[in-house]
Structure formats: C-alpha cells, structure tokens
Amino acid sequence: MPSPKTKNSANRSAGGSAGLSGSTNGNGRYEFMSLNRTPPPTLLQRQGSDPTAAARLRASESPTRRRGSGSSTSSNTGMPEEDCMRLNPSFIGIALSSLLAIDLWLSKRLGVCACEDSSWGSVRPLMKLIEISGHGIPWLVGTAYGLYKADSAAGQEVMLNLFMALIIDLILVGIVKAVVRRRRPSHNRMDMFATFSVDRFSFPSGHATRAAMCARFLLAHLVLAAPLRVLVFLWSGLVGLSRVLLGRHNVTDVLFGFLMGYWQYNLVEMLWVSSLGLQGLLGLIQG
C-alpha cells in the first residue's frame with residue numbers, strides 16, 4: 001500500500017501534466033483551477049455589442065482626434081489656449097515689441113532735461129517756458145481775447161474758428177488718451193502746468209497735436225512775413241522736442257501727436273464757420 005507522501009507527489013505530478021493550477025485550502029487539500037479558463041472580456045469586446053460605444057471608440061482613435069490632442073494637452077496642463085499662443089508670437093508681434101523697446105530706450109536717452117541734476121538740467125527752465133507756450137489754456141484765453149477785440153468780420157471769423165479748433169483738439173486728445181491709457185515715462189516729474197485727470201496718460205502728446213494744428217492754421221489764415229512763417233514752423237518743432245527733453249512723453253507720443261494735429265486741421269476746414277454763419281450765431285445769442 002503506497003504511503004501518503006507517494007500519493008501526494010503523484011497527485012502533484014498529475015495536476016502539472018494536466019495543465020491545472022491549484023491552491024491549498026484550510027484543510028491542506030489542493031483546489032484545482034483550469035488554466036484554460038476563458039478570460040474576462042476586454043473593453044473592446046464589451047463595447048462591440050454596443051454600436052454607440054463602438055462608434056465613440058473609433059472616433060477617439062481617428063486621426064482628427066489625434067491631431068486635436070494638443071489642445072486637450074494644454075487644457076490638461078491648466079494653461080489657457082491664449083497663453084499657449086503667446087509662446088509662439090507672430091512676426092508682427094515681435095516687430096512691435098522691438099519698436100516699443102527702441103522707443104522707450106530712445107525716449108529715456110533724450111530726456112536730458114527731466115530734472116535739475118540731468119545732463120542738460122540748466123536748460124530745463126527754457127524748456128518749461130516752451131512747454132507753457134504750447135499749453136491749451138494760454139491759447140484758449142488768447143484766442144477768446146482776440147475774438148473779443150476783433151473789429152472786422154474777417155478777424156472774428158478767423159478767431160472763432162481757431163477757438164473751435166482748440167476745443168476740438170482738447171476733446172479728441174482727451175478721448176484718445178482715455179482709450180489708450182499709456183503711462184508717462186518713468187523719468188518724468190509731474191510738475192506740469194495746469195494738468196487735468198487725463199494728463200496722467202502719455203499717448204498722444206497734446207502739446208504736439210496743438211502745435212501742429214495751430215501752426216498750420218496760422219500759416220494758412222494769417223498774412224505773415226517769411227521770417228515769421230519760419231518762426232512759427234520752428235516753434236511747433238521746439239514744442240514737440242521739449243516734450244521729449246523734459247521726459248513728459250515718449251518719441252512715438254510726439255510723432256503721433258504731430259500727425260494727429262496735422263489731420264485735425266483738415267477737420268477744422270470741413271467744419272469752418274463763415275462770417276455769415278457767425279452773424280447768425282451772434283444774432284441767436286443776442287436774441
């Protein structure tokens with residue numbers, strides 16, 4: 001009669017040759033499981049019976065979905081799409097950034113009268129005098145006085161339209177400054193003459209727009225000798241230059257201001273009030 005050990009070894013060898021695997025239970029006996037047992041169905045097999053799920057799976061594996069995986073990756077990283085686009089700026093964006101950097105650098109280099117201890121600090125009082133000559137308040141007061149003292153219809157017509165041009169300049173410059181909201185240069189000292197709320201912004205230069213518009217107006221409607229015409233032209237250029245030397249504005253603020261003032265005069269010509277219109281206006285005021 002074979003021993004128990006012989007039976008156990010025979011059973012183990014038989015189980016291995018039959019392709020079975022087993023484990024012992026609490027009583028020390030083997031419980032055999034077939035290695036040929038059917039595996040659980042995979043995800044693809046389970047979804048094969050569901051047409052909707054199968055179509056969804058095929059769509060997820062399509063090339064279009066794989067090409068769009070970049071956007072999903074950016075969303076998974078938590079980075080907004082616009083930030084991802086900024087990482088690859090266009091040529092125009094690079095060019096504008098470079099021009100802005102050059103503008104800031106050049107404006108700071110030219111601000112030689114920004115304070116008394118600057119390299120040209122001794123010229124600062126003269127530059128501030130030129131600054132006042134291009135301010136809006138002296139021009140409005142002087143034009144109103146000229147309109148009051150004018151003894152001819154032609155003189156009144158010119159003074160009235162110049163006054164209207166100054167009002168248009170103040171309105172348009174204020175609107176553009178409020179929209180753009182560009183800060184003044186960091187080296188500027190806020191000791192300007194008679195400033196208003198929008199004057200804390202830099203773009204465009206109101207002095208430059210006013211100088212260009214008034215210079216063109218005077219050269220077109222006043223009979224001036226050649227030296228005076230040259231003086232008016234030089235005055236408008238010095239007003240714009242003083243804005244950069246004093247550190248009030250950047251170079252682009254002044255250049256755009258000159259361009260804006262030049263075209264503002266065209267608007268004044270379109271809205272020109274004749275002497276007949278002035279007489280009718282005065283009649284309405286007196287009536």
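A pocket here is an open set of grid points with protein on both sides within 12 Å along at least five of seven lines, and its lining residues have an atom within 4 Å of a point. The views below all come from a predicted model.

**View 1. The heart of the largest pocket.** This close-up is set on His135, Leu170, Phe196, Asp199 and Arg210, the lining residues that lie nearest the pocket's centre. They belong to a lining of 23 residues, and the space itself comes to about 370 Å³.

**View 2. Helices around the largest pocket.** Three elements each give two or more residues to this lining: α9 (136-149), α10 (153-180) and α11 (206-221). The largest share is α10's, with five residues. As for chemistry, the lining is a mix of nine nonpolar, seven polar and seven charged residues.

**View 3. The second largest pocket.** Here we move to a space of about 180 Å³. Its lining takes in Ala212, Ala215, Arg216 and Leu219, along with Phe233, Ser236, Gly237, Phe258 and Tyr262. Sort those by type and you get six nonpolar, two polar and one charged.

**View 4. Helices around the second largest pocket.** Look for α11 again, now with α12 (226-245) and α13 (251-270): these are the elements that give two or more residues to the lining of the second largest pocket. Which element gives the largest share of this lining? That would be α11, which supplies four residues. So α11 turns up in both settings, since it is also among the elements that give two or more residues to the lining of the largest pocket.

Terms used:
Residues numbered from 1 in each chain as written. Predicted model: local features only at pLDDT ≥ 70, side-chain atom pairs only at ≥ 80, totals over all residues. Heavy atoms only, no water. 1 Å grid on protein atoms, 1.4 Å probe; cavity = no way out; pocket = protein on both sides within 12 Å on 5 of 7 lines; lining within 4 Å. Points joined across faces, edges and corners; volume = space filled by probe spheres on them. Nonpolar A, V, L, I, M, F, W, Y, C, P; charged D, E, K, R; others polar.
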